[in-house]
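Open the model in your viewer and keep the sequence panel at hand. We will walk from one selection to the next, pausing at each stop to see what is there.

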Amino acid sequence: FLSMAMFRRLYIPPSLFLSLSFSLSVYSEYLDIWDVDMMRRPEELNKKQHHTELFNSDYLIVRRGQEFQVKITFNRPYNPATDKFAVEFVIGSSPQFSKGTYIPVFTAKERPSPWEGRVTDTADNTVTMGITPVADCIVGKYQMFVAVVTPVGIRRTRRDNSRDLYILFNPWVSADAVFLDDEKERQECVMTEMGIIYHGAYDDVAERDWNYGQFNYGVLDACLYIMDRSDMPIINRGDPIRVTRKASAMLNSRDDEGVLVGNWSGDYTYGVAPTSWTGSTDILLSYANSKMPVCYAQCWVYAAVFNTFLRCLGIPSRVVTNFYSAHDNDGNLKTDIILDENGRVDRGRTRDSIWNYHCWNECYMSRPDLPTGFGGWQIVDATPQETSDGMYRCGPASVKAIKHGQICFPFDAAFVFAEVNSDVVFYSRNKDGTMEPVKVNRTHIGRMVVTKTPGDVTRRDITDQYKFPEGSTEERTILEKAEEYGCQREKSNPPVADVDLVLPTLEISRGDDFELSLEFINRSTQHRTVEAYISGSVAYYTGVTSYEFLESSVVFLCSPGVKESMMVEFKNYVKHLVEQANLHFIATGKVKETGQIVTTMKVITLHNPKLTVTVSDGGKVNEEMTATVEFTNPFTFSLEGVYIRMEGPGIMLPKSKYYSLIPGSSSLTWTEFFTPQRAGRSRVIASLDCSAVRQVYGQASVTIEP
């Protein structure tokens, strides 16, 4: 037991306890504590009722606003009429009752406590006590002590790590700010470890499996370390608004030595390529152990690791992908593309970019700081794009505020609004340097917003949660409202050309030659002559071009249904491909008879080869199994410096293997043993990554019996 002098080191003044007016009963055999059972095993009541039985942790983990139980064994039967004891909870380095970091919990109702306590059962010398933390208490790791009143003073249990407990947010309790009244959504957005992140192009959507791993050993401690590292005051850690805003800054390393280093250069010599990661566990454990930012990340890695952080702490969350996401450098609602006097894209003067896709997170919470009706799903984004209040972070921004044009609401609503609502404006730059808008595309940006369907492996289109239908009266009203708050739009309406350009939707595998057809549609009753320019570039998914491999100028005499085709050969672009293998085509033209400008854009994402993943049959908990990855190099050239990664939620921790060389047309087979720790359905996911070809994935579903 701790003496009063020893307990004073915890910065809890003895006068605080004395002020609680315990009535000391003088008796010869005072109450003494023999044992404390935290009831922390997965099969026991606490973890099952609090939905924390999946955590790979020996500690008690509970959720706030909901009762949990502990068993206290005394030296004799407990007599409520004469015996006085309390269970004390302490968090932080300087606990104080007034700040909610020291919480004594009593069984007697006449002694008030912020947390509710009651005796639920007595048996011989053992008392079972039910304790209910308030629904807005601090989230984190608490120390627990038991104190009894004796004729000679207060006796407390000694510090014992096994009696520590974690208290998390609770989306199952209506009084909690993160309450989500939909069990299917709760299961998906809190309990599901296996995720699908969407990428690619709007008309050719691809999937990336991800193991969030929020229940893996050490991940919860790593998430709490992130808050410690941010120097976030303990007293703020019960507010999901403050927690998510601070975390959106801490998940990137731009200004605070946060978790992940962003890298869009294509050179990943000193770290792991973003396309190589298959889950969050390695990243979070590496950061917590090394105390150094982890290399490297791009938007989906930031979003995936942030998702792990949020789900681990109990905040419902999901990863969202916005196809054709505007990154506007001018702070307006326009994405500007500059054309020279000949109709060609002037890349030197075009500063705004359109990302093929961009991933961020949505988390669910109430927003008492906003007017009624703007709670629910909130956007948070850890990808370092722009600063907010001096740091690289974004959100939380209400999705409903985005849809209804309330861009003045905190936090960063105007930035997110522009990502899904910008107009693409083509300007023609004249010889004297003046610029004139020649075409406005009001439907290209924010073409589709998707996330994973709860309880399924399909995608869910949630575009209607972000914006009203294009061209609708509601949409025009919302855009006008955004203008009132200072967002500038392009108000000019250049006449629509009577000739359209159309580039086809193609599904092309890496290594294939393909035919690109440019179709001219003449909607007038007269012949039209179009001086057209076609550009093909290797591009990053952020819209930044790396190398222009196709450049062609042609003149067309347009009668209805005219098409022009050209062959694109693999050899012309293969040496210049960057990760994700995007080809960006822009066709522009000037109608000679009318002077009108016509444009069209198309992104083609080359399809990569696949990994074949197989898992041995008859899977049972705690029985060894095998997972095998097979790959054949389909190219004529060798792949050098190849990393393969493999993992599976609840069944296999992350594993990796390095191959220095895979010759062209040769095959490899890698088999790993693993022992499932949990029954149910899961997946083994694998990735192959090297400088020559990235984003090669495979997965296998597996069912584990108890």
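Which residues does Glu470 touch, not counting residues up to four places away in sequence? Select Glu470 and show its surroundings: the residues it touches are Arg442, Thr443, Ile445 and Glu475, where contact means heavy atoms within 4.5 Å.

Before moving on, a word on what you are viewing: this is a predicted model, in which local features need pLDDT of at least 70, side-chain atom pairs count only at pLDDT 80 or more, and totals for chains, interfaces and linings use all residues. Residues are numbered from 1 along each chain as its sequence is written, and side-chain values use heavy atoms, with hydrogens and water left out.

**Stop 1: around Glu470**

Stay on Glu470, which sits in the loop between β25 (459-461) and α11 (473-484); helices (H or I, at least four residues) and strands (E, at least two) are DSSP runs, numbered from the N terminus. Its relative accessibility is 33%, making Glu470 partly exposed. On that scale, buried means under 20% relative accessible area, exposed over 50%, and partly exposed in between (1.4 Å probe, protein chains only). Now add Lys467: its side chain and that of Glu470 are joined by a polar contact of 3.0 Å. Such a contact is a pair of N or O atoms within 3.5 Å; within protein, one must be able to donate a hydrogen and the other to accept it, and residues adjacent in sequence count only if both atoms are side-chain atoms.

**Stop 2: the annotated site**

Next, select Asn421, Asp423, Glu470 and Glu475 together, the positions that UniProt (unreviewed entry) gives for the feature "binding site". They span 55 residues in sequence, yet no two of their C-alpha atoms are more than 12.9 Å apart, so they gather at one spot. UniProt positions are given in the numbering used here, feature names are shortened, and annotations may be inferred rather than shown by experiment.

Zoom in on Asn421, in helix α10 (residues 413-421). Asn421 is buried, at 8% relative accessible area. Leaving aside residues up to four places away in sequence, Asn421 touches Ile445, Lys467 and Leu479.

**Stop 3: Asn170**

Jump to Asn170, in the loop between β10 (165-168) and α4 (183-191). Asn170 is buried, with 0% relative accessibility. Show Gln66 as well, and you will find a polar contact of 3.0 Å between the two side chains.
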